[in-house]
Amino acid sequence: MKVERYPEREQWSELTKRPVIKRERLTEIVAGIFDEVKNNGDQALIDFAKKFDSAEINNIKISEEEVESAENLISEELKTAIQDAKSNITKFHASQIPTVEKIETTKGVVCWRENRAIEKVGIYIPGGTAPLFSTVLMLVIPAQLAGCKEIILCTPPDKNGNVNPAILYTAKLCGVTQIFKTGGAQAIAAMTFGTESIPNVYKIFGPGNQYVVAAKEYAQNYNIAIDMPAGPSEVLVIANEKAVPEFCAADLLSQAEHGSDSQVIFLSTDEKILNETILETQKQLEALPRNEMAAESLKNSHFILLNSIDEALKFSNLYAPEHLILAVNDFKNYIPKIQNAGSVFLGNYSCESAGDYASGTNHTLPTNGFAKNYSGVSLDSFVKKITFQNLSEQGLKNLGKTIEIMAEAEGLFAHKNAVSIRLKEQNERI
Ligand SMILES: NC(=O)c1ccc[n+]([C@@H]2O[C@H](COP(=O)([O-])OP(=O)(O)OC[C@H]3O[C@@H](n4cnc5c(N)ncnc54)[C@H](O)[C@@H]3O)[C@@H](O)[C@H]2O)c1
Ligand SMILES: N[C@H](CO)Cc1c[nH]c[nH+]1
Ligand SMILES: [Zn+2]
C-alpha cells in the first residue's frame, strides 16, 4: 500500500501505471498456445487443462446430464438470488433495444439503420481464482436479447476436472447449451479456429486474466471481433470529508480480492478520511477469509491525498478506471466532469458489488486505461448495425448534382456516371 500526499503532476503518469506482465512476453506465450490449438485441436485443450489447471479431462464438451445435475448441487437461496439478478440485468439491457428511425436527409432520400445480431458468439467465463457465474448473466442475457443464434460458452475446469455447478445452472437458466471445459488463452484460440468439439465464432466476449486479454487481442489477427480488453479488476474511489472510511475500505478490498494483479486507488481531499481509510483497509483485510490475493493486490495500490474533487477527477480521467466510486455527498455536480470510466457508482450507498451482481448494469468493463476508448458490454456489443437507404427518382434528382460534382472532383468518373446515367434516362423520359 503506497501513500502519497499532494503528488506533483509529473508524478501522476507513474501513479496511473498498472501492474502488468510485459506485452511481448504475453504475446509470445499466447502465440505458442494458438499454434498448438490450431494444429492439435481438442488434444491441445486437454493437454493445456493438465498444464495450467492441473485437471485431467477426457471430454471438452460438458454433457447434458452434467448440466442437469448442477441444479441439484446448489442451494435454493442461491438460485433465487441468481434469478433476482437476472431479472434486473434483463430489465436494464432490454431498455437498450433500439427503435428504428427513418430520416429523410433530402426530399426523396430516406436513410435508416437496422440491427442484426451477430450470429455466432463465444462467451468466456473466468474460473481461475473464482467461478464467476455472475459473468454468465452479464454476457448471455444481452446476447439472447440481441437475438444471437449460436451462443457457446468456455470456462476452465477446476483441478478435479469439473466446472462449478453455479456456472452450469446459470448457463442453463439463460438458455446456453453448448458449454466447454477449457480456459485461458487456449479457450480463446479454440473459439477462434474451432476444434473437433468447439465451433468457431465471429466475436468473443468476456473478462479474464492477462493471458485471456492478450489472447483476445491476438484473436483479432484472425478476423475475430472482441468486446474489449476486460482484464484484472480495478476500482478508483474519490472521497471527501463526508465519506465513510469503513465503506471506502470495503469497496477497495472488494476489487483487490479479484487477483494479485488487481489495482485499487483511493483519492481523498481530506487527510483524516485518508488515514482512517488506510487503517480500516488493514483491519478489514485481516478479517477477510481467503485474503492472500487482496493483500498482494494492495501492494500495487495507491492512497493519495489531493487538493480538491476537481483535481481528483482529473487524476481519475487520466487513470480511466474500470470502476469509479464517487463517495461524495454532492456527486451530481461532478457527473459532467467524468470523462473516462467503465462504470460509475454515486454516493455512499452505491457499493461496487451492486454492479458486479445485481443492480442491472453490466460488469464486463474495460480495464488498464481502456475506458478512455472502449465502453463496457451492452446489448450493442452483440449487434451490427446495417445502414439502408432508398432514393426515389425525385430524390436522386434533388441530390444528383451534389454527387456528380464531388465524384468529378475526386476524379472518379464511374461514380459520377452512376448518377448521370439515371438522370439522363429520367430527362429523356420526361
Ligand atoms: N474487467 C472485467 O470486466 C472483469 C470482470 C470479471 C473478472 N475480471 C478479472 O478476470 C480475471 C479472472 O482471472 P482468473 O485467473 O481468475 O481466471 P481466468 O479464467 O481468466 O484464467 C484462468 C486461466 O488462465 C490460464 N493461465 C493461468 N496461468 C497461466 C500461465 N502462466 N500461462 C498461460 N496461461 C495461464 C489458465 O489456462 C487458466 O485456465 C481476474 O483478474 C478478474 O479481476 C475482470
Ligand atoms: N468486479 C468484477 C469486474 O471487474 C466482476 C465480478 C464478478 N463477480 C464479482 N465481481
Ligand atoms: Zn468484483
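These are my notebook entries on a zinc site and a ligand pocket in a predicted model.

**Ground rules.** I number residues from 1 along each chain as written, and I letter chains from A and number ligands from 1 in written order. Local features need pLDDT of at least 70 and side-chain atom pairs 80 or more, while totals for chains, interfaces and linings use all residues; side-chain values use heavy atoms, without hydrogens and water.

**Entry 1, the zinc ion.** I looked up what holds ligand 3, and found His258 (NE2) and Asp356 (OD) coordinating the zinc ion at 2.1 Å. Donors here are N, O and S atoms within 2.8 Å of the metal (3.2 Å for Na, K and Ca); water is not among the atoms, so sites may look incomplete. His258 sits in the loop between helix H9 (245–256) and strand S10 (263–268) and Asp356 in helix H13 (residues 352–357), so the pair ties together parts 98 residues apart in sequence. Helices (H or I, at least four residues) and strands (E, at least two) are DSSP runs, numbered from the N terminus.

**Entry 2, cover.** Are these two buried or exposed? His258 is partly exposed at 27% relative accessible area, and Asp356 is buried at 11%. Buried means under 20%, exposed over 50%, and partly exposed in between (1.4 Å probe, protein chains only).

**Entry 3, ligand 1.** I checked polar contacts, which are pairs of N or O atoms within 3.5 Å; within protein, one must be able to donate a hydrogen and the other to accept it, and sequence neighbours count only if both atoms are side-chain atoms. The side chain of Ser233 comes to 2.6 Å from an oxygen of ligand 1. A backbone atom of Gly231 lies 3.1 Å from a nitrogen of ligand 1.
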